[in-house]
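Student: Could you take me through one part of this structure up close? I'd like to look at the metal site and whatever sits around it.

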Amino acid sequence: MTQMQLENRHERLCPVCGSSPEAAKIYFEEHIDTSKLNEFSFASRKAPEYLCYQMVQCHRCDLVYVDRPPSQSALAEVYHAAEYDSSEEAADAARAYAGIVSGLAKKRPLKDALEIGTGTGVFLDVLKSFGCENVAGIEPSSAAIAAAPDYRRPWIREGIFRESDYAPESFDLICCFMTLEHVREPKEIASSVMNLLRPGGAFVTVTHDYRSPVNKLMGKRSPIIDIEHMQLFSQRSIGTLFDSTGYVDVTVRPFANRYALRYWTRLAPLSPRLKKMASSLLSTLGIDGLKLSVNVGNTAAIGFKPTR
Ligand SMILES: [Zn+2]
């Protein structure tokens, strides 16, 4: 089904600043092996495959983006069908994201909160623990929602995020973690979020930073090289997205993720054989479940809707 749709691609302008791709240089060459593409290719936190569409780097805002992406509907369909295989990692990630949001919860009550790309909704539990009365999540993968515990399922809407599904100015906080890379139109999402936030409400994102030393070092073996990624941000380009959409008091800073060693091994730029050896060694030593905080080159950004 989706193979043909994924190959139906059209040129686009920079999805953050609107510059023409002519004002951009090739950053990653296209590397697509259609025989390797499967439903797991669009799952979260899978083992890297190093497949990607051609990506160009915008001279104006520093974004690296797919200049000829598949259509919105083709992406919606592959994400809907994506398998789900990351519950432990999702819980670890949620704990790390909690650190970003806890500061906000101390400053003002977060009564209503929304998470875009919520997966099984693990982070919605975190939001509840911060005193959010009403939590909502949106998630395109039906497998992820099916894996959510019963009590969380009513909080999660299945589908692609659409502003029209929510009332204007109805949230105090909207989060979007490791998801802005995957959408066709990050600028549209940032604008929609602005409309859905109450004055003074916060938009919080975590994105990969393609300019971080670890991603530079790993080069073509970096997990950011991924067919799922429609764009990759640097600190400057995510800052530009927030500023140009009208967010105020924007802060952009490096963010450390905390995962078990066995997961870091899966992400490491090693051959499958070496990965297997490393995994069994860690497991023999009994330390494969050890949690480790590493700055793998991610960025946390926070911006606020202006108060009138
Ligand atoms: Zn740009």
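Tutor: Let's start at the metal site and then work outwards.

A quick note before we begin: this is a predicted model, where local features need pLDDT of at least 70, side-chain atom pairs count only at pLDDT 80 or more, and totals for chains, interfaces and linings use all residues. Residues are numbered from 1 along each chain as its sequence is written, and side-chain values use heavy atoms, with hydrogens and water left out.

Now, the zinc ion. Four sulfur atoms hold it at 2.3 Å: the SG atoms of Cys14, Cys17, Cys58 and Cys61. (Donors are N, O and S atoms within 2.8 Å of the metal, or 3.2 Å for Na, K and Ca; water is not among the atoms, so sites may look incomplete.) The angles among the four donor atoms run from 100 to 117°, making the site tetrahedral; for four donors, that label requires all angles to lie between 85 and 135 degrees. Ideal tetrahedral angles at a metal are 109.5 degrees.

Along the sequence, the donor residues follow the spacing C-x2-C-x40-C-x2-C. Cysteine 17 sits in the loop between helix 1 (2-7) and strand 1 (24-28), while cysteine 61 is in the loop between strand 2 (55-58) and strand 3 (64-66), so this pair ties together parts that are 44 residues apart in sequence. (Helices, H or I with at least four residues, and strands, E with at least two, are DSSP runs numbered from the N terminus.) Cysteine 17 and cysteine 61 are both buried, meaning under 20% relative accessible area with a 1.4 Å probe, protein chains only.

Next, follow those strands into their sheet. Four strands make an open sheet in the order 1-2-3-9, paired antiparallel. Strand 1 and strand 9 (231-232) are at the edges with a single partner strand each, so one side of each has no neighbour in the sheet. Strand 3 and strand 9 pair in the antiparallel sense over two bridges; at least two bridges found by DSSP are needed for two strands to pair. One place to look is valine 64, whose bridge partner in strand 9 is leucine 232.

Finally, zoom out to the whole chain. You'll find 10 helices and 11 strands, and of the 308 residues, 53% count as buried. Residues 24 or more positions apart account for 79% of the contacts in the chain with a separation of 6 or more, where contact means heavy atoms within 4.5 Å.

Conventions
Four donors count as tetrahedral if all angles lie between 85 and 135 degrees; four count as square planar and six as octahedral if opposite donors are over 155 degrees apart and all others between 65 and 115; anything else is irregular. Buried means under 20% relative accessible area, exposed over 50%, partly exposed in between (1.4 Å probe, protein chains only).
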